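Hi,

Here is the structure I said I'd send over. Have a look at it first, and then read on for my notes on what turned up.

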Amino acid sequence: MTDIASLRPALAVAIAAVAVVPILASGRRPNVREGWTVLAAASAFALVASMLPDAIAGTTRVSDLGTLVAGVELSLEADPLGLLFATVASLLWLITSFYSIGYMRGLSEHAQTRYFASFAASVAAALGVAMASNLVTLFVFYELLTVATYPLVTHDETAEARAAGRKYLAYTFGGGVAVLAGTVMIATMTGTTAFTPGGIAGLANADPVLARAAFVLLIGGFGVKAALMPLHSWLPDAMVAPTPVSGLLHAVAVVKSGVFGIARVVLDVYGVELTGTLGMGLPLAVVAAATLLLASVIALRQDNLKRRLAYSTVSQLSYIVLGIAVLDPQSIVGGLLHIPAHAFMKLTLFFTAGAIHVETHTDDISEMAGIGKRMPLTMLAFGVAAAGMAGIPLVAGFVSKWYLLIGSVSAGQTVFAVALLLSGVLNIAYFWPVFYQAFFESEDAADAKPLIEFPLGGEERSIRPGEPEPEPDAITDGGPANEVSGTSSDHLSDGGDANEVSGTSSDHLSDGGDANGAGEHHDDHDDHDHDHHGGPPADGWERRGWRGGESTWFMLGPILAAMTGAVVLGVIPRTAVFLRLIEVIVAAATGVSV
């Protein structure tokens with residue numbers, strides 16, 4: 001690897017951080033505010049992407065920002081491992097920015113300006129975590145990430161949200177203390193905290209007991225945000241946050257910062273060989289395997305869709321940790337590849353949950369029978385992403401889990417391969433009922449032999465039995481019969497203009513916020529099933545068709561984009577650059593080409 005001085009790593013972080021200022025200044029002009037968000041996200045992604053060819057070719061761009069503390073530089077570097085995380089975070093920030101517009105306006109959420117500003121600050125911290133060149137710099141941005149995401153976790157300002165926020169701070173700041181303690185021990189034993197592919201050389205000569213203690217502190221500290229059991233309970237509680245927050249920050253940036261930190265410790269602080277020599281790989285792998293199985297079992301019992309997805313995240317994060325902890329080159333490839341794979345798949349799933357909530361006010365799986373008629377594209381995307389999570393071929397999850405299985409068997413750890421296979425079965429067990437109910441069950445029937453209502457075969461009844469069919473030109477729960485593409489003009493509120501936001505429909509435009517980002521709340525939601533809250537309306541789900549009339553394209557577009565990313569990673573992972581980047585990472589860390 002060749003290091004060259006460059007401002008690009010620092011600029012990528014700075015763009016997201018500086019964007020907070022114009023976002024806050026544009027609180028009274030929501031279209032301008034959201035324009036700044038999209039511009040910053042696109043610029044940050046473009047900068048990160050511009051550094052990928054150099055990293056793959058063996059050149060690392062470094063930004064030295066001065067001395068942080070005695071003997072420790074505040075330094076950012078765009079090495080392959082950092083760019084893996086940074087590329088995922090910046091790309092999905094861009095996708096989520098569009099989704100956030102549709103979601104926040106669709107619900108006329110309050111404090112939208114604060115939301116978008118906090119989001120930009122959070123991504124800036126995540127990019128700092130990704131491109132930190134030493135443990136001290138990583139710790140600084142790791143803590144800033146906690147501070148920046150707290151307003152997002154508590155966005156609703158309810159008692160439940162505040163309780164979730166306090167729990168989030170207690171867990172993550174506690175983890176930060178552990179990371180700091182481990183960092184101090186590493187600095188004392190080796191005189192450096194700089195990341196080195198293959199591990200810091202001085203650790204091999206350190207006291208093994210102290211080296212193991214520092215390892216436990218670092219893994220435990222990063223394990224909080226990685227949601228390793230028993231340090232996981234903050235994550236399901238944090239699902240009280242708006243769905244875009246759950247999607248990007250709690251399926252990508254925050255939790256991925258935890259598994260990324262674990263990867264840094266194993267690959268660039270201790271190194272694969274020393275981790276194995278100290279005997280720390282196997283205990284970490286056991287914790288990861290236990291987490292991925294137990295979390296899957298708990299997910300089976302969750303009726304709230306976002307909480308089921310949260311426990312699924314707890315399980316899926318442990319795939320990444322398990323792959324790294326097995327210490328085999330193939331398993332490490334699988335673990336690192338599951339970072340982008342899980343990000344695209346889980347973002348799709350959270351986006352679908354959010355769209356269902358905005359359009360139908362339905363959050364519980366038990367109330368989703370037949371919802372595929374109302375939201376066919378959304379539920380199809382859910383099915384594709386869920387298949388990938390279970391390891392079905394042609395979706396991203398299959399490729400990463402294949403490497404994990406091969407690596408576990410190659411390392412002689414067949415028990416972990418069995419755990420991975422069992423987890424795949426559990427994934428099917430808790431995702432299939434959602435998809436099955438959506439397309440193959442009647443609204444009024446959740447019996448052992450549900451009616452088949454899919455257009456390709458069976459009955460197409462869309463209302464409860466015994467109730468009259470609506471007149472062909474009657475007004476239904478979805479709006480007037482003359483609505484275009486499933487949208488109506490009933491919700492054009494005082495602050496939004498259909499011509500001001502490119503590509504949006506007029507039914508979801510709200511003022512988006514006052515000076516404090518507070519949007520007005522609508523009393524009427526004709527296109528959102530009137531005053532209905534949860535489950536199908538009395539006359540059953542309205543059949544919307546497959547042309548996008550089920551939601552605004554500000555939400556539907558990002559759902560399909562994230563789903564497409566998951567498929568591309570499953571079909572052509574090397575062309576999608578992530579696998580090529582990971583091959584460089586693993587070769588540098590293990591000396592083995594895969």
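Leu-394 is exposed, with a relative accessible area of 59%. You'll find Leu-394 in the loop that runs between helix H17 (376–389) and helix H18 (396–410). Its backbone caught my eye too: phi of Leu-394 is near 80°, a positive value in a residue that isn't glycine. For context, most residues other than glycine have a negative phi. Before going further, bear in mind that this is a predicted model.

Leu-394 also shares a nonpolar surface patch with Val-568, Val-571 and Ile-572, about 330 Å² in area. Ile-572 sits in a loop as well, the one between helix H20 (553–571) and helix H21 (578–590). With 38% relative accessibility, Ile-572 counts as partly exposed.

A couple of other backbone oddities. Leu-327 has a positive phi of about 70° although it is not a glycine. Its place is the loop between helix H14 (305–326) and helix H15 (329–360). Is Leu-327 buried or exposed? At a relative accessible area of 18%, Leu-327 is buried, because the cut-off for buried is under 20%.

Then there's the peptide bond between Met-229 and Pro-230, which is cis, with omega at about 10°. Most peptide bonds are trans, as you know. Pro-230 belongs to the loop between helix H9 (208–225) and helix H10 (234–237).

On to the aromatics. Searching the whole structure gives 16 aromatic pairs. One of them is Tyr-99 with Phe-351: the ring centres are 3.9 Å apart and the planes meet at 10°, so this pair is stacked. Tyr-99 is in helix H5 and Phe-351 in helix H15, so the pair ties together parts that are 252 residues apart in sequence. Tyr-99 is buried, with a relative accessible area of 0%, and Phe-351 is buried with 0% as well.

Another pair is Phe-435 with Phe-439, where the centres are 5.1 Å apart and the planes lie at 55°, so that one counts as tilted. Phe-435 and Phe-439 are four residues apart in helix H19 (residues 414–440), which puts about one helical turn between them. Both Phe-435 and Phe-439 are buried. They also belong to one aromatic cluster, along with Trp-432, Tyr-436, Phe-440 and Trp-546.

A ring with a charge over it is worth a look, too. Lys-225 lies over the face of Tyr-142, at 3.9 Å from the ring centre.

Last, a small residue in helix H5. Ser-90 is found in that helix, which covers residues 80–106. Ser-90 counts as buried, at 0% relative accessibility. Which residues does Ser-90 touch, leaving out those up to four places away in sequence? The answer is Ala-41, Ala-44, Phe-45, Val-48 and Leu-127.

If you open the model in a viewer, I'd start with the patch that includes Leu-394 and Ile-572, then go on to the stacked rings of Tyr-99 and Phe-351, and finish at the cis bond joining Met-229 and Pro-230.

Cheers

Notes. Residues are numbered from 1 along each chain as its sequence is written. This is a predicted model: local features need pLDDT of at least 70, side-chain atom pairs count only at pLDDT 80 or more; totals for chains, interfaces and linings use all residues. Side-chain values use heavy atoms; hydrogens and water are left out. Patches are made of residues with over 30% relative accessible area and no salt bridge: like charges are joined within 9 Å, nonpolar side chains (Val, Leu, Ile, Met, Phe, Trp, Tyr) within 5 Å. Accessible areas come from the Shrake-Rupley method with a 1.4 Å probe; for residues, only the protein chains shown count as cover. A salt bridge is a side-chain nitrogen of Lys or Arg within 4 Å of a carboxyl oxygen of Asp or Glu. Helices (H or I, at least four residues) and strands (E, at least two) are DSSP runs, numbered from the N terminus. Buried means under 20% relative accessible area, exposed over 50%, partly exposed in between (1.4 Å probe, protein chains only). Contact means heavy atoms within 4.5 Å. Rings of Phe, Tyr and Trp (its six-membered ring) pair if their centres lie within 6.5 Å; planes under 30 degrees apart count as stacked, over 60 as edge-to-face and the rest as tilted. A charge sits over a ring if NZ of Lys or CZ of Arg is within 6 Å of the ring centre and within 35 degrees of the ring normal.
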